[in-house]
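This briefing looks at one chain's sheet and at the contact that this chain makes with its partner. Please keep the sequence and the structure at hand while reading.

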Protein chains: 2
Amino acid sequence: MENTNICPVDYVVDLISGKWKVLIIWNLKFGKKRFGQLQRILTGISKKVLSQHLKELENSGLIIRTVIPSIPVQVEYSLTERGMELSAILEEINQFGAILLKGPTVPKS
Amino acid sequence: MENTNICPVDYVVDLISGKWKVLIIWNLKFGKKRFGQLQRILTGISKKVLSQHLKELENSGLIIRTVIPSIPVQVEYSLTERGMELSAILEEINQFGAILLKGPTVPKS
DNA sequence: CGGCATCCTTACTGATACTG
DNA sequence: CAGTATCAGTAAGGATGCCG
């Protein structure tokens, strides 16, 4: 997750390389979600890893963290404009990946 | 690098998530390269890691490995059709990443 | 020259318990 | 509820040497 790259592509790939980052962004596309909701959706993720990834995505300017000072506290996460743009790219990647998954592993070039 | 995903996006992200995968594809875009060439271009990569990544990219159907049976042997790597398609997506990601790198880390949403 | 085998180090991920 | 702290396991990455 360390990023000492000069290359923008590597930078973005690092942003979404975590085991769960893509899934988080993917889910936030459909509207804001609370911490607990995300944890339930991303079956198996631990609180530590989730908050860690959320923090990284926030630092990258891809998501926004909103604290609702109720008791007990609620925290909502949603995509920023940039997060939206990224999820559009993820859509394309999705198309591409779907084709790869259907076809043979090593097609003739 | 393990891939038990159902999601095509994760699948593709896994394909390019290695520390050097993107750089390898990026370089092969400009024509086929030999093992030694790649090792020189990707400053700091070890032979083990390079061959490991090349093998994974080959298994993914993104690059082609061609052995030239001279003495000593030569091996050339080049992109497949799919590798080309992927590099097109990488171009887009590059645009996006460049913007992220220029702008502030956390822009207002 | 290309690349596999071995060993070692580090980074990532996870389970659990505890706090505001 | 939404985290942080600590401890532990696993997997990726790297250094080096050997082989066809």
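In this predicted model, B:Val67 stands opposite B:Val75, a residue in strand 3 of chain B. Strand 2 and strand 3 (residues 74-79) of chain B run antiparallel and are joined by 6 bridges. The points below set out the sheet first and then the interface of chain B and chain A.

**The sheet of chain B**
- The sheet in chain B is open and is made of 3 strands in the order 1-3-2, with antiparallel pairing.
- Strand 1 (33-34) and strand 2 (63-68) of chain B each have a single partner strand and stand at the edges, so one side of each is left without a neighbour in the sheet.
- Helix 2 (residues 21-28) of chain B lies across strand 1, strand 2 and strand 3 of chain B, and its direction is at about 90 degrees to strand 3 of chain B.

**The interface of chain B and chain A**
- Chain B and chain A bury about 3,700 Å² between them, with 73% of it on carbon and sulfur atoms, and the contact takes 41 residues from chain B and 41 residues from chain A.
- Across this interface the rule finds 0 salt bridges, while it finds 1 residue pair in polar contact, both residues being at pLDDT 80 or more.
- On the side of chain B that touches chain A, helix 1 (8-16), helix 2, helix 4 (47-59) and helix 5 (81-102) of chain B each supply at least two residues, and helix 5 of chain B gives the most, with 15 residues.
- By class, that side of chain B has 25 nonpolar, 10 polar and 6 charged residues.

Definitions and conventions:
Residues are numbered from 1 along each chain as its sequence is written. Chains are lettered from A and ligands numbered from 1 in the order in which they are written. This is a predicted model: local features need pLDDT of at least 70, side-chain atom pairs count only at pLDDT 80 or more; totals for chains, interfaces and linings use all residues. Side-chain values use heavy atoms; hydrogens and water are left out. Two strands pair if DSSP finds at least two bridges between them. Helices (H or I, at least four residues) and strands (E, at least two) are DSSP runs, numbered from the N terminus. Contact means heavy atoms within 4.5 Å. Axes are lines fitted to C-alpha atoms, for helices over the stretch in contact, and angles run from 0 to 180 degrees between N-to-C directions. Buried area is the accessible area (1.4 Å probe) that two parts lose on being put together, summed over both. A salt bridge is a side-chain nitrogen of Lys or Arg within 4 Å of a carboxyl oxygen of Asp or Glu. A polar contact is a pair of N or O atoms within 3.5 Å; within protein, one must be able to donate a hydrogen and the other to accept it, and residues adjacent in sequence count only if both atoms are side-chain atoms. Ala, Val, Leu, Ile, Met, Phe, Trp, Tyr, Cys and Pro count as nonpolar, Asp, Glu, Lys and Arg as charged, and the others, Gly among them, as polar.
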